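The following paragraphs walk through one protein chain, from a single residue to a group of strands and then to a pocket. Please keep the sequence and the three-dimensional view at hand while reading.

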Amino acid sequence: MLTRLRLHARQMVLAAGLALLALPLAAAAQELVPGVDYLEIPGGAPFSTQDGKVEVVEVFGYTCPHCASFEPHLVAWERTLPDDVALVRVPAPFGGQWMPYARAYYAAEAQGIADRTHQAVFDAIHDEGTLLASGVTDAELADFYVARGADRARFLADLSSEETRAKLREATGFLQRSRVDGTPSLVVNGRYRVLGRTIDDILRNTSALIEREREAAR
């Protein structure tokens, strides 16, 4: 019953914000205030190179309750984006309880199931209690992902593979140069770290920064 109430409350909050998120990017091209709506990143660079696209990186952590609350809003907002905008998720490798889930995200990505298991991980930790926020083992992570289509032996190998370690180093480097120290955080084209007092503020400011980058590219 508690899980159903939490899910219902989350759905109500999400529905209340959908009208704002549906605004076209051009309408969101507002006057932004540096230090209030965004921080410019000195020497910043995108996380990945996608020709002709504006990159929006979401830095997240599965154990972060704020990320769990933010996710449905982000998904709804993403559906409004034009084809020349790419949303890229980067799990934060901050150490401690963050690391098993950052490794798991990249192991799932290696098997092509990261996107379709993404919400399920949040649900398992924050709503269902079937995954631990702290102290989760590789075997428990494997059980979770195998139930959703992963190959156990390959998943366990991917958790500690050199490819996964390289991606964690890449993520750490991006967080350091972008000066990201918390989650969820959005970074536009490696140039701007988005600020805002509410979820609606953050997404509205992100849309405006996207439009700024699209106009600059023209």
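At a relative accessibility of 19%, S161 counts as buried, because the cut-off for that class is under 20% relative accessible area. The structure is a predicted model, and this value, like the others below, should be read with that in mind. S161 sits in the loop between α6 (152-159) and α7 (162-178), and from there its side chain reaches the backbone nitrogen of T164 at 3.1 Å.

A second residue can be placed in a similar manner. P100 belongs to helix α3, which covers residues 98-110, and with a relative accessible area of 15% P100 is buried, since it too falls under the 20% cut-off. Although P100 and D138 are 38 residues apart along the chain, their C-alpha atoms are separated by 7.4 Å.

From these single positions we turn to the strands, beginning with β2. Strand β2 comprises residues 54-60 and is mostly covered, with seven of its seven residues buried. In a regular strand the side chains alternate between the two faces of the sheet. In β2, V54, V56, E58 and F60 point one way, while E55, V57 and V59 point the other way, and all of them are buried, the two glutamates E55 and E58 included.

Which strand runs parallel to β2, and how many bridges join the two? The parallel partner is β3, residues 85-91, which is joined to β2 by seven bridges. The chain passes from β2 to β3 by way of helix α2 (residues 65-78), and this β-α-β crossover is right-handed. Within the β2 and β3 pair, V57 stands opposite V88 of β3.

Strand β2 is also joined to β4 (residues 185-188), here by four bridges and in the antiparallel sense. Two residues of β2 serve to trace this pairing: V59 has S185 of β4 as its bridge partner, and V57, which stands opposite V88 in β3, has V187 as its bridge partner in β4. In β4 itself, S185 and V187 point one way and L186 and V188 the other way, and all four are buried.

Strand β4 pairs in turn with β5, again in the antiparallel sense, over two bridges. V187, the bridge partner of V57, has R193 as its bridge partner in β5, so that the path can be followed from β3 through β2 and β4 to β5 by way of V88, V57, V187 and R193. The hairpin of β4 and β5 has three residues between the strands, and in this hairpin N189 takes a positive phi near 55°.

Some of these elements return in the lining of the largest pocket, which has a volume of about 290 Å³. It is lined by 15 residues, and those nearest its centre are T183, P184, S185, G196 and I202. The elements that give two or more residues to this lining are α2, β4, β5 (192-194) and α8 (199-217), and the largest share, three residues, comes from α2, the helix through which the chain crosses from β2 to β3. By class, the lining residues of the largest pocket divide into seven nonpolar, six polar and two charged. S185 thus appears in two settings, as the bridge partner of V59 and among the residues nearest the centre of the largest pocket.

Key. Residues are numbered from 1 along each chain as its sequence is written. This is a predicted model: local features need pLDDT of at least 70, side-chain atom pairs count only at pLDDT 80 or more; totals for chains, interfaces and linings use all residues. Side-chain values use heavy atoms; hydrogens and water are left out. Buried means under 20% relative accessible area, exposed over 50%, partly exposed in between (1.4 Å probe, protein chains only). A crossover is right-handed if, with the strands pointing away from the viewer, the path from the first strand over the helix to the second runs clockwise. A polar contact is a pair of N or O atoms within 3.5 Å; within protein, one must be able to donate a hydrogen and the other to accept it, and residues adjacent in sequence count only if both atoms are side-chain atoms. On a 1 Å grid over the protein atoms alone, a cavity is a set of points where a 1.4 Å probe fits but cannot get out, and a pocket is an open set with protein on both sides within 12 Å along at least five of seven lines; lining residues have an atom within 4 Å of a point. Grid points are joined across faces, edges and corners, and a volume is the space filled by probe spheres set on the points. Ala, Val, Leu, Ile, Met, Phe, Trp, Tyr, Cys and Pro count as nonpolar, Asp, Glu, Lys and Arg as charged, and the others, Gly among them, as polar.
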